[in-house]
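Dear colleague,

Please find below the structure that I am handing over to you. I should be grateful if you would look through it together with the notes that come after it.

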Amino acid sequence: MITNKTIAFIGAGSMAEAMISGILRSNKVPAAHIIACNKYNSERRTYLENTYNIKTSPLEELNYSEIDLFILAMKPKDAAESLSNLKDKVQPHQVVGSVLAGISTTFMEEHLPSNQPVIRIMPNTSSMVEESATALTAGKHTKMDDVLEVKELLESMGKVFLIEEDQMDIFTGIAGSGPAYFYYLMEHMEEAGTAEGMDSELVRKIIAQTLLGAAKMIMNSEEGPGALRENVTSPNGTTAAGLAALKNNGGGNAIAQAVNSASKRSKEISDELKNVLVTS
Ligand SMILES: NC(=O)C1=CN([C@@H]2O[C@H](COP(=O)(O)OP(=O)(O)OC[C@H]3O[C@@H](n4cnc5c(N)ncnc54)[C@H](OP(=O)(O)O)[C@@H]3O)[C@@H](O)[C@H]2O)C=CC1
Ligand SMILES: O=C(O)[C@@H]1CCC=N1
């Protein structure tokens with residue numbers, strides 16, 4: 001049962017906070033079982049303690065022995081250093097999870113003691129409100145019980161998809177980075193609304209409700225986005241005019257390129273860090 005386990009976030013930035021918020025909102029794990037640690041930023045630790053009532057620790061004072069699940073949540077460039085630090089301290093039964101873009105389970109395994117259970121996770125910041133789309137893939141030495149326990153934890157933050165590791169990069173392009181594309185779209189819709197004199201708070205709510213409604217329609221419908229789009233589009237109507245403008249301005253292509261570029265960057269991060277392993 002994940003409820004009885006102690007979880008340490010190694011890295012205490014936006015993604016760790018979003019996950020902590022989701023876990024606590026769902027009451028899956030008590031705040032006393034969650035530890036967030038970082039290297040330097042003590043103000044950040046104080047903020048997390050005060051906001052979520054969790055424990056925090058500077059990395060150098062972390063009590064490794066009390067932890068069941070580590071979740072690495074620093075930037076990918078700091079992964080090798082962090083895993084090497086963990087290598088001397090981690091026990092065989094402790095599971096090492098990571099939310100780092102581009103960091104493979106093989107990379108983790110190569111930096112940890114042999115047979116260490118590892119799990120690669122790709123959440124998104126909507127974990128904060130229990131609406132993440134999160135992917136999960138396990139390393140070679142990870143028992144199914146450990147996978148199911150981590151899955152249970154992640155389900156407290158949204159929907160979880162068990163995927164093959166070779167799909168992690170594209171998943172990252174779609175769902176890890178995805179919220180940013182929708183926010184970008186919303187920023188531009190908001191700009192168009194306020195330019196026509198709408199109140200900015202009001203237009204923001206209207207846009208959010210419109211996006212939420214479209215997402216719910218997809219989730220509750222047998223039909224795909226193409227058919228649902230056609231239902232909105234009256235011949236010679238307003239939507240047809242809007243969609244023509246999107247097409248003429250490369251809207252569809254821009255969206256596909258955003259996903260592909262993010263996925264490509266995830267692969268590049270892996271490749272860049274392979275060299276770190278070779279030279280360190
Ligand atoms: N933001 C997002 O939407 C998503 C992010 N991710 C992944 O999450 C990871 C973190 O991203 P994000 O939260 O945005 O980053 P942030 O920059 O907000 O946070 C990084 C945190 O790591 C700490 N840190 C850095 N080095 C170490 C170390 N060696 N040991 C312990 N803590 C350390 C930093 O604090 P200090 O400097 O004090 O040590 C800071 O608290 C990234 O790898 C990213 O790929 C995955 C999915 C979505
Ligand atoms: O931008 C990034 O690299 C991270 C990974 C997915 C979302 N944010």
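The notes below begin with the chain as a whole and then turn to one strand and its neighbours.

Please bear in mind that this is a predicted model. The chain is divided into two parts, domain 1 (2-163) and domain 2 (178-261). Taken over C-alpha atoms, the centres of domain 1 and domain 2 are 34 Å apart.

An unreviewed UniProt entry lists residues 165-268 as "domain: Pyrroline-5-carboxylate reductase dimerisation". In the model, this span is 82% helix and 0% strand, and its end C-alpha atoms lie 15 Å apart.

The strand I would draw to your attention is β6, which covers residues 118-122. Five of its five residues are buried, so β6 is largely enclosed by the rest of the structure. In a regular strand, side chains alternate between the two faces of the sheet. Both faces of β6 are covered: Val 118, Arg 120 and Met 122 are buried on one side, and Ile 119 and Ile 121 are buried on the other.

Strand β6 has pairings with β5 and β7, as follows. With strand β5 (residues 95-98), β6 pairs in the parallel sense over three bridges, and Ser 98 stands opposite Arg 120 of β6. Helix α4 (residues 105-111) completes a right-handed β-α-β unit with β5 and β6. With strand β7 (residues 132-138), β6 runs antiparallel, and four bridges join the two. Here Ile 119 stands opposite Ala 138 in β7.

Yours sincerely

Methods
Residues are numbered from 1 along each chain as its sequence is written. Chains are lettered from A and ligands numbered from 1 in the order in which they are written. This is a predicted model: local features need pLDDT of at least 70, side-chain atom pairs count only at pLDDT 80 or more; totals for chains, interfaces and linings use all residues. UniProt positions are given in the numbering used here, feature names are shortened, and annotations may be inferred rather than shown by experiment. Domain bounds come from an automatic or database domain assignment. A residue is buried if 20 or more other C-beta atoms lie within 10 Å of its own, exposed if 12 or fewer, and partly exposed in between; C-beta atoms are placed from the backbone. Two strands pair if DSSP finds at least two bridges between them. A crossover is right-handed if, with the strands pointing away from the viewer, the path from the first strand over the helix to the second runs clockwise.
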